[in-house]
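Open the model in your viewer and keep the selection tool at hand. This tour goes stop by stop, saying what to select and what is there.

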Amino acid sequence: MKLKFHRYLLAIIFVCILIFFINLDAIYINIMEARNFGSAREMLTLDHWLLTTLNDIPRYEKPPLPTWLTAISAKIFGIENLWALRIPAACAATLLTVSLYKFLELLNITRKQAFIAALIEVTSFYIIFSGRNGQWDIFTHSFMMVSIYFLFRLFNDDKKLWHNTLLGGIFFGFSILSKGPVSVYTLFLSFLIAYSIIYKFQNFKRKWPALIVFLFLGLSVGLWWFAYIRIADPIAFLDIAKDEASNWGSYNIRPFYYYWSFFTQSGIWTIPSFVALLYPYLKNKVSNKKVYQFAILWTLISVILLSIIPEKKSRYLLPVLIPMAINTSFYIEYLFRNYSILKLKEKWIVYFNFGLIAIIGITFPLIAPFFLKLSGIYYLWYTLTSIALAGIGFGIFYFFKKKKIAKIFYLTISFICVIIILGFPLVDTLINNPNYKAFSELRKLSQKQQFEVYEYKSFSPEIIWNYGEPIPILKDNASFSLPKEKIFGLLISPNDTITSEKFSKYSIEKVDRYDLNQVNPNKSGYKDRLIRDFYLLKKK
């Protein structure tokens with residue numbers, strides 16, 4: 001994808017840097033990241049680049065491309081640096097935003113509206129979350145968006161036919177190699193359906209050979225790893241595939257209408273996104289009705305496709321935010337053109353949406369101290385954040401008076417940037433678990449006193465990550481095996497107990513309790529699975 005660095009594209013990249021790359025290590029690791037980063041670390045330490053593992057146990061649920069990229073970043077910048085592990089996801093989110101903008105340049109809308117759509121996408125809640133976390137959804141959808149860009153060019157441009165075919169196919173394969181068929185189903189298929197309805201594959205007869213090559217190349221790039229695992233480790237592969245398939249119909253089951261509030265996942269753009277979905281209201285007000293129809297169809301079809309699948313999670317709505325950003329841009333662009341002449345019955349929703357943002361900014365200095373435990377350097381971050389957010393809030397009201405909606409829109413983008421750049425360091429003031437004790441300390445103790453550490457019957461990915469290396473498990477389903485060492489350490493969940501008959505030949509001493517929870521035990525979000533009692537067992 002050849003990039004022409006005009007001012008809009010440079011501004012998009014600059015905003016991506018502010019949103020995705022600043023304070024990358026401010027938030028502690030979550031369970032998804034612990035799984036992914038753990039697999040990346042075992043690639044580096046155990047050389048498990050193809051037969052991927054977690055806790056030295058086969059982990060074939062997720063294809064390896066994002067894990068490879070994360071491992072390479074960790075190798076370059078240091079496995080101990082959390083920001084190094086999250087950089088690949090930040091790069092993927094930037095690629096998504098740039099490719100969306102370049103795709104919109106192919107449509108019959110202005111560059112300014114394409115710029116608006118890209119800014120809406122990059123500041124949508126789940127895009128920010130995914131681009132700043134080591135989860136693999138952002139990779140599969142970013143690569144698929146690049147593939148769609150080249151496929152759209154293949155459909156509509158006779159020039160560079162095979163160039164678009166080959167690059168489109170490669171990125172299609174990269175998407176599969178990131179998270180299987182997820183984006184093929186949610187983003188790609190919904191695009192094809194919407195495109196067929198609005199653009200009807202005109203002048204496409206002689207491009208069938210190119211499309212066949214596109215699909216063959218994409219499937220080859222995307223599926224080779226699955227074929228290799230099937231041959232190299234068939235038993236584990238089939239067991240994992242069976243479990244994954246059953247989860248789609250038996251895990252996190254939600255009703256068909258579960259995703260009907262999908263527009264709320266755009267966060268700060270919830271209200272404009274909802275208005276933009278009101279087709280009867282907006283259809284005769286948009287700058288290009290055909291592209292608007294395409295965007296709204298792409299959005300709604302992707303939601304319908306997701307709703308068909310019994311297993312549902314909020315984060316699965318990430319691909320919906322991509323076409324929805326295009327759809328929302330039509331409403332914002334309409335406001336840019338007509339705000340000064342709108343009647344009050346249309347303006348009140350604008351006042352409510354952006355006025356609410358302004359009020360949050362202005363009241364932040366007053367409300368924040370009730371939730372933040374401020375001390376030392378955090379007073380500086382609080383002061384800077386307060387000044388910036390209050391300034392943006394007053395600025396929004398000022399430009400309401402001047403009837404300059406474009407200024408208000410860009411101040412809203414700044415609002416998000418300020419929270420990430422100045423506000424994220426304040427997250428540490430919300431972490432106050434007095435019982436926190438890292439498992440990395442146990443590893444140092446085991447190395448000093450020279451004993452091995454085992455888990456009793458289960459493991460939590462966060463614990464394995466914090467410990468720094470795999471921890472063998474003694475009890476696996478029906479099987480149980482005792483260590484050969486005369487002295488060993490044992491981690492047991494507070495909900496489990498040691499049965500004396502299994503350890504009758506050992507003296508058992510409870511040494512300590514390790515607690516990886518960051519939040520206070522009295523608050524929601526405190527998890528028992530992050531707690532272990534540590535015992536030292538010695539042969540009698």
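**Stop 1: the second largest cavity**

Select Ile120, Ser124, Ser266, Ser273, Leu321, Met324, Ala325 and Thr328, which line the second largest cavity. Keep in mind that this is a predicted model. The space enclosed here has a volume of about 30 Å³. Which helix gives the largest share of the lining? Color helix α15, residues 321–338: 4 residues of the lining come from this helix. By class, the lining has 4 nonpolar and 4 polar residues, and no charged ones.

**Stop 2: the largest cavity**

The count comes to 2 cavities of 30 Å³ or more. For the largest cavity, select Ser39, Thr52, Arg59, Lys62, Pro63 and Thr67. About 40 Å³ of space lies inside. How do the lining residues divide by class? There are 1 nonpolar, 3 polar and 2 charged residues.

**Stop 3: two positive phi angles**

Most residues other than glycine have a negative phi. Now select Asn55, in the loop between β1 (53–54) and β2 (57–58). Its phi is near 60°, a positive value. Is Asn55 buried or exposed? Asn55 is buried, because its relative accessible area is 4%, and buried means under 20%.

Next, go to Gln450, in the loop between α19 and β3. Gln450 too has a phi near 60°, although the residue is not glycine. Turn on the surface: Gln450 is exposed, with a relative accessible area of 73%.

**Stop 4: strand β6 and its partners**

Select residues 487–492, which make up strand β6. Of these 6 residues, 5 are buried, so the strand is largely enclosed by the rest of the structure. Add strand β3, residues 452–455. β3 and β6 run parallel and are joined by 4 bridges. Look for Val453, which stands opposite Gly489 in β6.

Then add β8. This strand pairs with β6 in the antiparallel sense, over 6 bridges. Here Leu491 stands opposite Phe534 in β8.

**Stop 5: salt bridges on β7**

Side chains of opposite charge can pair when their charged atoms come close. Stay with β8 and show the side chain of Asp533. Asp533 forms a salt bridge with Arg513, and the closest N and O atoms are 2.7 Å apart. The pair links distant parts of the chain: Asp533 lies in strand β8 (residues 531–539) and Arg513 in strand β7, 20 residues apart. Asp533 is buried, at 6% relative accessible area. Arg513 is partly exposed, at 40%.

Step to Asp512. This residue forms a salt bridge with Lys437, with the closest N and O atoms 3.5 Å apart. Asp512 sits in strand β7 (residues 506–515), while Lys437 is in the loop between α18 (405–423) and α19 (439–449), 75 residues apart. Asp512 counts as partly exposed, at 28% relative accessibility.

**Stop 6: a network of charges**

Where next? Select Lys102, Glu105 and Arg111, which are linked in a network of salt bridges. Zoom in on Arg111 and Glu105: their side chains meet in a salt bridge of 3.1 Å, N to O. Arg111 counts as partly exposed, at 42% relative accessibility. Glu105 is partly exposed as well, with a relative accessible area of 24%.

To finish, show the salt bridges across the whole structure: a search finds 16.

How values were computed: Residues are numbered from 1 along each chain as its sequence is written. This is a predicted model: local features need pLDDT of at least 70, side-chain atom pairs count only at pLDDT 80 or more; totals for chains, interfaces and linings use all residues. Side-chain values use heavy atoms; hydrogens and water are left out. A salt bridge is a side-chain nitrogen of Lys or Arg within 4 Å of a carboxyl oxygen of Asp or Glu. Buried means under 20% relative accessible area, exposed over 50%, partly exposed in between (1.4 Å probe, protein chains only). Two strands pair if DSSP finds at least two bridges between them. On a 1 Å grid over the protein atoms alone, a cavity is a set of points where a 1.4 Å probe fits but cannot get out, and a pocket is an open set with protein on both sides within 12 Å along at least five of seven lines; lining residues have an atom within 4 Å of a point. Grid points are joined across faces, edges and corners, and a volume is the space filled by probe spheres set on the points. Ala, Val, Leu, Ile, Met, Phe, Trp, Tyr, Cys and Pro count as nonpolar, Asp, Glu, Lys and Arg as charged, and the others, Gly among them, as polar.
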